[in-house]
Amino acid sequence: MLIDTHAHLDSPKFDNDREEVISRALEAGIDTIVNIGFNRETIPTTMALAEKYPFIYAAVGWHPTDAIDMRLEEDLAWIERLCNHPKVVAIGEIGLDYYWDTSPKDIQHTVFREQIRLARRLNKPIVIHNRDAHEDIVKILKEEKAEEVGGIMHCFSGSPETAKKCLDMNFYISFGGPVTFKNARVPKEVMAQVPLDRILLETDAPYLAPHPHRGQRNESAYVRLVAETAAEIKGISLEELSDITSKNGRRCLSLTR
Ligand SMILES: [Zn+2]
Ligand SMILES: [Zn+2]
């Protein structure tokens, strides 16, 4: 059995065949999916999925690219209320994105810091989105004492050194499609170095499909392809790798089933 710790199955890209996508995941042995609601539109659609399917959990938070749209006080209170829902297992995805130039850095920083503070107050793990912002991510996580709650560095794209700093702050390192790409030297190197008991797997579906589906729509069933790569890098069987990463996910997110 496998966990997809990061998916966006509420995306309109699944509007025509969402049921089939979800049954294919179950058939492929994915028994738990964490769907991520990250702004005003996707938080309600994520909650709807989590309420409909017993094996789908929710993470809710405000994405850095949408930081400019957040009504800070009001939306923090909204996220706080949702965190009382039994299917909400984390706050996220939150973080910094210096690639897409949609929200100014200072606003991203405020929104990120406030959500870490909320997570510490509620004792919820956080799911971190980081694009081209490795240094500032580590700095803010440190300054805001994120190690008190820990969480997931989603689709980790940093160096082994950055991974080490995140491990030291109680984070799990999550790998997605990019680690399966032929030219993925650094992600493979990071995976080789991260201890087995701190590795998680994800798809980020519909984005970042693994090899050999690169460039196509991604779906949760493909987390198996990420698992195969991980088993190869770690030199263990797929069964053992699946078992360990599933336990990691349950521990990290305090999943009950
Ligand atoms: Zn992300
Ligand atoms: Zn995502």
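**Buried side chains and loop geometry in a predicted chain**

Aspartate 75 counts as buried, with a relative accessibility of 2%. The model in which this residue is described is a predicted one. Aspartate 75 belongs to helix 3, which covers residues 72-82. Two polar partners were found for the side chain of aspartate 75. One is the side chain of arginine 40, with which a polar contact is made at 3.0 Å. The other is the backbone nitrogen of arginine 71, which the side chain of aspartate 75 reaches at 2.7 Å. When residues up to four places away in sequence are not counted, aspartate 75 touches Arg40, Trp62, Asp69 and Met70. Arg40 thus appears both among the residues touched by aspartate 75 and as the owner of a side chain in polar contact with the aspartate 75 side chain.

The chain as a whole contains nine helices and eight strands. Its radius of gyration is 17 Å, close to the 18 Å given by the globule rule for 257 residues, so the chain is as compact as a globular protein of that length. The C-alpha trace spans about 45 × 40 × 35 Å along its principal axes. Of the 257 residues, 59% are buried. Among contacts with a separation of 6 or more, 71% are between residues 24 or more positions apart. The accessible surface amounts to about 11,100 Å², and carbon and sulfur atoms contribute 51% of that surface. With regard to charge, the chain carries 32 positive and 40 negative side chains. The centres of these two sets are 3 Å apart.

A second buried polar residue was examined in helix 9. Asparagine 248 is located in this helix, which runs over residues 238-253. The relative accessibility of asparagine 248 is 1%, and the residue therefore counts as buried, the limit being under 20%. The side chain of asparagine 248 reaches the backbone oxygen of leucine 196 at 2.9 Å. A polar contact at 3.1 Å also links the side chain of asparagine 248 to the side chain of arginine 251. Outside the residues up to four places away in sequence, asparagine 248 touches Tyr172 as well as Leu196, Asp197, Arg198, Ile199 and Leu200.

Several backbone features were found in the loop between strand 8 (199-201) and helix 8 (223-234). Proline 206 lies in this loop, and the peptide bond joining alanine 205 to proline 206 is cis, with omega about 10°. Proline 212 is also placed in the loop between strand 8 and helix 8. The peptide bond from histidine 211 to proline 212 is likewise cis, omega being near 5°. Leucine 208 occupies the loop between strand 8 and helix 8 too. Leucine 208 shows a positive phi of about 55° although it is not a glycine. With a relative accessible area of 37%, leucine 208 is partly exposed.

Another positive phi occurs at cysteine 155, where the value is near 40° in a residue other than glycine. Cysteine 155 sits in the loop that connects strand 6 (151-153) and helix 6 (160-168). At 14% relative accessibility, cysteine 155 counts as buried, whereas leucine 208 is partly exposed.

Two further residues were considered together with a sequence-distant partner. Valine 88 is part of strand 4, residues 88-97, and counts as buried at 2% relative accessibility. Valine 88 and lysine 124 are separated by 36 residues in sequence, and their C-alpha atoms are 9.3 Å apart in space. Lysine 124 is among the contacts of valine 88, which also include Met47, Ala58, Val60, Leu82 and Cys83, with neighbours within four places in sequence left aside.

Lysine 188 is found in helix 7, residues 185-193. Its relative accessibility is 26%, and lysine 188 counts as partly exposed. The C-alpha atoms of lysine 188 and threonine 162 are 14 Å apart, with the two positions 26 residues apart in sequence terms. Not counting residues up to four places away in sequence, lysine 188 touches Val179, Thr180, Phe181, Lys182, Thr229 and Ile233.

How values were computed. Residues numbered from 1 in each chain as written. Chains lettered and ligands numbered in written order. Predicted model: local features only at pLDDT ≥ 70, side-chain atom pairs only at ≥ 80, totals over all residues. Heavy atoms only, no water. Helix = DSSP H or I, 4+ residues; strand = E, 2+ residues; numbered from the N terminus. Rg over C-alpha atoms; globule rule 2.2 N^0.38 Å. Buried < 20%, exposed > 50% of the residue type's maximum accessible area, 1.4 Å probe, protein only. Contact = heavy atoms within 4.5 Å. Areas by Shrake-Rupley, 256 points an atom, 1.4 Å probe, with all protein chains shown as cover. Lys, Arg positive; Asp, Glu negative; His and termini not counted. Charge placed at Lys NZ, Arg CZ, Asp CG, Glu CD. Polar contact = N/O pair within 3.5 Å; in protein donor to acceptor, adjacent residues only side chain to side chain.
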